[in-house]
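Colleague: I'm new to this model and would love a close look at one interface. Could you walk me through it slowly and then place it in its surroundings?

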Amino acid sequence: MAYEVNGKSIEVDEEGYIINLDEWNEDLAGMLAESEGVNMTPEHWEVVNFLREYYAEYQIAPAVRVLTKAITKKLGAEKGNNKYLYELFPYGPAKQACKIAGLPKPTGCV
Amino acid sequence: MSEVMDLPGDDEEYASGVVKKFMFVNRKAPHGSIYALEVLEMVLISAAFDQDVHLAFIDDGMYQIVKGQDPTGINQKNFSKTFRALDGYDIEKLYVEREGMEERGLTEDDFLVDVEVISQAEMAELMNGMDVVLSA
Amino acid sequence: MKFGILVNEGPYNHQAVDSAYQFAKAAIAKGHTVSRVFFYYDGVHNANKLLEAPQDERQIGKLWAEMAKEHGVDLVVCVAAGLRRGLKEETLAEGFRISGLGQLIEVGIQADRMMTFGD
Amino acid sequence: MLHTVNKSPFERNALASCLAHATDGAAILLIEDAVYGATKGTSVAAKVEAAAAKCKVFVLGPDLAARGMSEDKLIDGITVVDYEGFVDLTVEHSVVQAWL
C-alpha cells in the first residue's frame, strides 16, 4: 500500500504505518489522519509534533503515561491527560497519533 | 495476537500491590550483539509494573551509556539516546561500578545519563538485596 | 515453590535452552511448579514449528510442549523479539503462545524464584 | 544468593566477575562451559580455591561428564550436584543471578 504525496509515492504497511520513517512529511500526516477519520487541528499537530520531537530525542515512542506526564510538563495539565488525548485521537494516542506522526508501529511490548 | 491486549498496557497499571526489587544487570557492550537493546526494552516495560527497578552497568555493560555513539554507519539504531528517557519512566536507579570504569579508562563525565558510581563491594551488597536479578 | 524461567538463546548456538529444560524437568520432579517459561532474544526460535532436527537429536520445541501439556507450564514467546526474527502465529509451534514482555515482568513478580539461562 | 556461571574462564570474564561479586556465604554453581574452571592445575585454580574457602562452590555433574572432565581432578572443596541438586540450591538461596 502507498500514498501519493506531491507526486511521490510513500509506502505504508497494511495498517497504515509508514515503512521508511525518513519519508514522513506533513502532507502525508494529513492523509494518514484522514484515513483514520481524524481532522487535524492545531491541537492535533501539537501532539503529533510533540511525539516527533520525543522520538527524535529518545528513539522510542513514549508509553501513554509517560506521554501525558511529558505533555503536562510542556503544555500544561489540561492537555497532559488521557481524556484530552483520547478526544483528539479516539483510538488512542499510542496507536493513532504515533501512526500519523510517522513513528514505528508499537510492537505490543513497549 | 489477542493476548497482547490482556497485558497491563500503556493505559493500565499492573495492580498486584507487590513491589519487588528488580535488577537488570548489563555486562555486554552495545551494537556487537542485540542484548543491550533488548534488555532496554525489558527495562521500559518493567516501568508499567511499578516495581523498584535498578540498572547495574558492570564490565562491558557500561559501554552502553557512553556519550557520542553514532551507529548510523553500521546501520544500527542509536538506542543509547533511549537511556535518557528512563527518567521520564521513573527509572532513576542507575549504577556503574567504579573498578570497571577505571579498568576501561572511563570517568563519570563519559556517561550520557546520570549514574551513581559505586564500588565493587557496594555493587555486591546491592545485588544481595534484590528480589529478582535478570541478566543477558 | 514457583519458578519463572527466562530463556535467552535459540535451539542450536548455545546450550542455554537445554540447561533450562533440564532444570525445569528436575524442578517439576521435585514437586515444584514451573509457572512460566519466557522466550526472549534468539530464544524465540525454540518456538518455531518449522524446526526439523535430525531424528537422532533432541526435538527441544516438542519437549517443551510436552512438559507444558503435562504440567501446565505457560510457554510464552515475546512478540517484539519474535517479529524481529520472523516468528508469528503462522510459524508458532503448538504449546507456545505469543505475548508481550509484560509477561516476563509479571512472572518475576509472582514467582518465588526467577531463573535466567542464556549466553 | 546463588550465582550461576556458564562461560569457560579461559574465554570470558564471567567467572572472574562473579567471584569478585560473590560475598561470604554465597553459593556459586558452575554449569555448561564454566565447568572447565573447576579442575585442578589451571591458571584460574588459585582464584577458584580462594572462592571455595569463603563461598560454597558447586559444579553441575552432567556438564562435567559431557565434557570428559573427571570428578577426581576437581579442586578440593568443590561439590558436584545434578540438576535436582541445582534446584535445591535455588530453593536454599532466595535470589539467583546468572553470569552470562
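Modeller: With pleasure! Chain C and chain B bury about 2,300 Å² between them in this predicted model, and carbon and sulfur atoms give 61% of that area. Buried area here is the accessible area, taken with a 1.4 Å probe, that two parts lose on being put together, summed over both. On the chain C side, 29% of the area buried against chain B is supplied by Tyr41(C), Ile105(C) and Ile109(C), more than by any other three residues. Of the 5 pairs of chains in contact, chains B and C share the most contacts, a contact meaning heavy atoms within 4.5 Å. Chain C brings 28 residues to this interface and chain B brings 27.

A word on reading the model: residues are numbered from 1 along each chain as its sequence is written, while chains are lettered from A and ligands numbered from 1 in the order in which they are written. Since the model is predicted, local features need pLDDT of at least 70 and side-chain atom pairs count only at pLDDT 80 or more, whereas totals for chains, interfaces and linings use all residues; side-chain values use heavy atoms, with hydrogens and water left out.

Now for the charged and polar links. Between chain C and chain B there are 3 salt bridges, each a side-chain nitrogen of Lys or Arg within 4 Å of a carboxyl oxygen of Asp or Glu. You can find a salt bridge at Glu41(B) and Arg84(C), whose closest N and O atoms are 2.6 Å apart. There are also 10 residue pairs in polar contact between the two chains, with both residues at pLDDT 80 or more. A polar contact is a pair of N or O atoms within 3.5 Å; within protein, one must be able to donate a hydrogen and the other to accept it, and residues adjacent in sequence count only if both atoms are side-chain atoms.

Which elements of chain C supply at least two residues each to the side that touches chain B? They are α3 (79-84), β4 (96-99), α4 (102-110) and β5 (113-117), where helices (H or I, at least four residues) and strands (E, at least two) are DSSP runs numbered from the N terminus. Helix α4(C) gives the most, with 8 residues. By class, this side of chain C divides into 13 nonpolar, 8 polar and 7 charged residues. In that scheme Ala, Val, Leu, Ile, Met, Phe, Trp, Tyr, Cys and Pro count as nonpolar, Asp, Glu, Lys and Arg as charged, and the others, Gly among them, as polar.

Across from it, chain B has 4 helices and 5 strands, running α-β-α-β-β-α-β-α-β from the N terminus on. Of its 136 residues, 57% count as buried; buried means under 20% relative accessible area, exposed over 50%, and partly exposed in between (1.4 Å probe, protein chains only).

Chain C also meets chain D. Here 22 residues of chain C are in contact with 19 residues of chain D, and the two bury about 1,600 Å², 59% of it on carbon and sulfur atoms. Gln15(C), Lys30(C) and Arg113(C) supply 30% of what chain C buries against chain D, more than any other three residues. This interface has 3 salt bridges, and Asp119(C) forms a salt bridge with Arg12(D), their closest N and O atoms being 3.6 Å apart. From chain C, α1 (16-29) and β5 each supply at least two residues to the side that touches chain D, with α1(C) giving the most, 7 residues.

Finally, the interior. The largest nonpolar core has 102 residues, and those with the most contacts inside it are Phe24(B), Ile5(C), Trp64(C) and Phe86(D). A nonpolar core is a set of buried Ala, Val, Leu, Ile, Met, Phe, Trp, Tyr and Cys residues joined through side-chain atoms within 4.5 Å. Leaving aside neighbours within four places in sequence, the contacts of Phe86(D) include Phe23(C), Met115(C) and Phe117(C). A second, separate core of 37 residues includes Met1(D), Ala34(D), Ala38(D) and Ala51(D). Phe86(D) is one of the buried residues of helix α4 (residues 83-92) of chain D. The N-terminal end of α4(D) is capped by Asp82(D), with a side-chain oxygen 3.2 Å from the backbone nitrogen of Glu84(D).
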